[in-house]
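Me: Please take a close look at the largest pocket and describe its lining for me, with the cut-offs behind each term.

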Amino acid sequence: MRLSKSVLNHLEAEAVTRVLLEDGYLGMGAEVGKFEEDIANYLKIPSSNVVCVNSGTAALHLAVDSILKPGEEILVPSLTFLSSFQAISAAGVVPISCEVNEETLSIDLKDAVNRISSKTKAIMCVHYASNPACLIELYSFANLHGLRVIEDAAHAFGCSKDQKKIGSIGDIVCFSFDGIKNITSGEGGAIITSDTNVLSIVKDSRLLAIEKDSDKRYVGQRSWDFDVYRQGYRYHMSNIFAAIGRVQLSKFELEFAPKRKALAKKYFELLNSNKYVKFQTVENDVDIVPHIMPIRVLNGERDFLKFELEKAGIPTGIHYKPNHLLSYYGGGKTSLPVTEMVYSQLLTLPLHPEITFSEVEKICELINNLLH
Ligand SMILES: Cc1ncc(COP(=O)(O)O)c(C=O)c1O
């Protein structure tokens with residue numbers, strides 16, 4: 001059994017073979033343009049609003065870099081993957097670690113407000129475990145304090161709020177398509193925004209900031225005589241990644257999304273009545289396609305449970321070690337008691353489209369036997 005897994009078959013293999021043998025071009029070309037169009041069609045937005053890059057971390061870095069200056073600050077929940085923090089600090093911007101709301105596990109705005117300074121220019125929310133929580137409150141908060149919003153939607157591809165897909169609403173939204181995400185392109189990510197200024201910056205920045213080179217790549221051209229006005233990066237997506245991503249997207253609604261949702265529902269049904277197990281709260285108008293399956297173990301026995309599950313061949317994870325505890329981000333100088341308490345309780349259970357319902361039943365039976 002695997003905690004998470006890339007689920008691919010001959011269709012992705014054939015798409016890669018087509019690019020390798022027929023296209024003769026493995027860099028960023030027509031296939032990437034088509035993947036951007038496919039994503040745009042899926043989200044029902046213009047394709048010019050989608051910018052594919054080679055990882056979710058790159059997407060976040062370019063997003064931060066496009067709107068903030070070195071030395072400025074961005075509010076971010078400490079309970080997130082290291083990528084969110086590294087993307088911020090890579091741009092010379094200061095991540096201000098905030099608490100999470102204990103129920104939703106998203107950024108706690110009541111805590112965040114106390115951390116605003118004259119240097120705070122943006123807020124990065126993280127759709128933890130695919131939950132785009134409190135989006136209305138988040139955008140009101142951002143408006144009130146004059147902040148830009150970057151949504152770290154690495155977990156939230158295919159999720160919706162009020163029947164609108166994440167990425168079709170919002171300021172700047174970043175997805176990850178790494179190997180184990182809701183869809184994968186091998187490695188990859190995308191920045192989605194309707195802000196034309198941000199779009200023009202990130203389209204250039206992903207290709208070493210060569211002015212207006214991006215669109216030419218889609219028709220097999222490139223700039224030979226060019227100018228550069230800012231720091232850029234080699235973050236463009238390759239045709240190989242895009243070919244995998246396009247097939248994955250074509251399978252998403254019929255195959256991956258229903259299976260992930262059904263497995264999560266089963267976990268919920270079988271564990272929710274256990275008084276020592278707590279799930280994150282999800283608003284009624286939010287539709288989740290879960291990327292990971294974290295539970296909170298409330299009796300202080302998380303490590304015991306992890307040990308026993310692993311002894312029984314069931315791999316588990318801990319998402320995540322809070323970033324404010326890492327030496328590079330303060331080494332715990334800031335105290336975030338809710339985040340630290342939640343961290344001590346979190347345990348991620350296996351979830352990917354190839355897990356079977358009987359495997360979920362077995363896992364839950366074991367948990368219910370161990371936690372009573
Ligand atoms: C919350 C979060 N943010 C950002 C990322 C970065 O994505 P990638 O692995 O594609 O760089 C991840 C991926 O694991 C993530 O879980």
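Reply: Helix H9 contributes four residues to the lining of the largest pocket, and no other element gives as many. The model is a predicted one, in which local features need pLDDT of at least 70 and side-chain atom pairs count only at pLDDT 80 or more, while totals for chains, interfaces and linings use all residues. Residues are numbered from 1 along each chain as its sequence is written, and side-chain values rest on heavy atoms, with hydrogens and water left out.

H9 spans 239-271, and strand S12 (293-297) likewise supplies at least two residues of this lining; helices (H or I, at least four residues) and strands (E, at least two) are DSSP runs numbered from the N terminus. A pocket here is an open set of points on a 1 Å grid over the protein atoms alone, where a 1.4 Å probe fits and protein lies on both sides within 12 Å along at least five of seven lines, and lining residues have an atom within 4 Å of a point.

By that criterion 14 residues line the largest pocket, with Ala 264, Phe 268, Val 282, Ile 288 and Pro 290 nearest its centre. The lining divides into ten nonpolar, one polar and three charged residues, where Ala, Val, Leu, Ile, Met, Phe, Trp, Tyr, Cys and Pro count as nonpolar, Asp, Glu, Lys and Arg as charged, and the others, Gly among them, as polar.

The volume of the largest pocket is about 410 Å³, a volume being the space filled by probe spheres set on grid points that are joined across faces, edges and corners.
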